[in-house]
Amino acid sequence: MVGLRNPGDQYVETRHNLGAAVVATVAARHDVSFKKVRRSIRADAAELHLGAARLILARPNTFMNVSGQAVAPLLRYFNIDLNSLVVVHDDIDLPLARLRLQYNRGSGGNNGARSIIGSLGSQEFWRLKCGVGRPPGRMDPADFVLRRFTKKEQPEIDLLIQRAADVVELFVTDGAEAAQQATGDAADEP
């Protein structure tokens, strides 16, 4: 599982870092810590076991728009099959606090997903999209995703992060179909 983000304290609680917040929540639930993988891989990772399954949680140390530079080497290093990859990221085309788990889709305008597709040469991986809603008025979407959630939105986002962490765990233990059902989406399997 890879949670996309922008590195740096100024981005920690922004909409763009929602994927990393989900992955960090899973790590905290299982009391595992992120560590630098190795110098040539631009990501931090944590490893745990859920039942018989091994789960690698990762947060790129690259900016969102070049996430593929971290994800492709991570897959090679941990010998992870492309079909087992789940990328967790924000999505402005989903209403606030809505989840969607999809397989083998285009970038949908998300530059992190676009970078990963380009680096892997394939879009045949899973994406857990976390809805952050549309920008108000004529606000530039790039500015919108770099903003923090409002006080009014924060309780819904806190719940979304927990639900998304549940979906990640369910994906590992019970498979994609069960995870999709937990998001409320129809089956979209390979």
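**Pockets, buried elements and two positive phi values**

Me: Which element supplies the largest share of the lining of the largest pocket?

Reply: The largest share comes from β5, with 3 residues, where a helix is a DSSP run of H or I of at least four residues and a strand a run of E of at least two, both numbered from the N terminus. Residues lining a pocket have an atom within 4 Å of one of its points, and a pocket is an open set of points on a 1 Å grid over the protein atoms alone, where a 1.4 Å probe fits and protein lies on both sides within 12 Å along at least five of seven lines, whereas a cavity is a set from which the probe cannot get out. Both β5 (86-91) and α4 (141-144) supply at least two residues of this lining. The model is predicted, so local features need pLDDT of at least 70 and side-chain atom pairs count only at pLDDT 80 or more, while totals for chains, interfaces and linings use all residues. Residues are numbered from 1 along each chain as its sequence is written, and side-chain values use heavy atoms, leaving out hydrogens and water.

Me: What makes up the lining of the second largest pocket by class?

Reply: There are 14 nonpolar, 2 polar and 1 charged residues in that lining, where Ala, Val, Leu, Ile, Met, Phe, Trp, Tyr, Cys and Pro count as nonpolar, Asp, Glu, Lys and Arg as charged, and the others, Gly among them, as polar. By the same classes, the lining of the largest pocket has 8 nonpolar, 9 polar and 4 charged residues. In the second largest pocket, β4 gives the most, with 5 residues, and among the residues nearest the centre are Met-1, Arg-54 and Ile-56.

Me: Why is α2 described as largely enclosed by the rest of the structure?

Reply: Of the 11 residues of α2, 8 are buried (under 20% relative accessible area with a 1.4 Å probe and protein chains only, exposed being over 50% and partly exposed in between), so the helix is largely enclosed. These buried residues include Gly-68, Val-71, Leu-75 and Phe-78, and they pack against β1 (2-3), β2 (35-38), β3 (41-50), β4 and α3, with contact meaning heavy atoms within 4.5 Å.

Me: How do you know whether Ser-115 is buried or exposed?

Reply: Ser-115 has a relative accessible area of 15%, and since that is below the 20% limit, it counts as buried. Ser-115 is found in α3 (residues 111-120), and its contacts, not counting residues up to four places away in sequence, include Asn-65, Gly-68 and Gln-69.

Me: What sets Asn-79 against the general pattern of phi?

Reply: Most residues other than glycine have a negative phi. Asn-79, however, has a positive value near 55 degrees; it lies in the loop between α2 and β5, and its relative accessible area of 69% is over 50%, so it is exposed. Ala-97 also has a positive phi, near 75 degrees, and is found in the loop between β5 and β6, yet at 16% relative accessibility Ala-97 counts as buried.

Me: How do you know that β6 pairs with β7?

Reply: Two strands pair if DSSP finds at least two bridges between them, and β6 shares 5 bridges with β7 (residues 126-131) in the antiparallel sense, so the condition is met. Arg-100 stands opposite Lys-129 of β7, and because 4 of the 5 residues of β6 (residues 99-103) are buried, that strand is largely enclosed by the rest of the structure.
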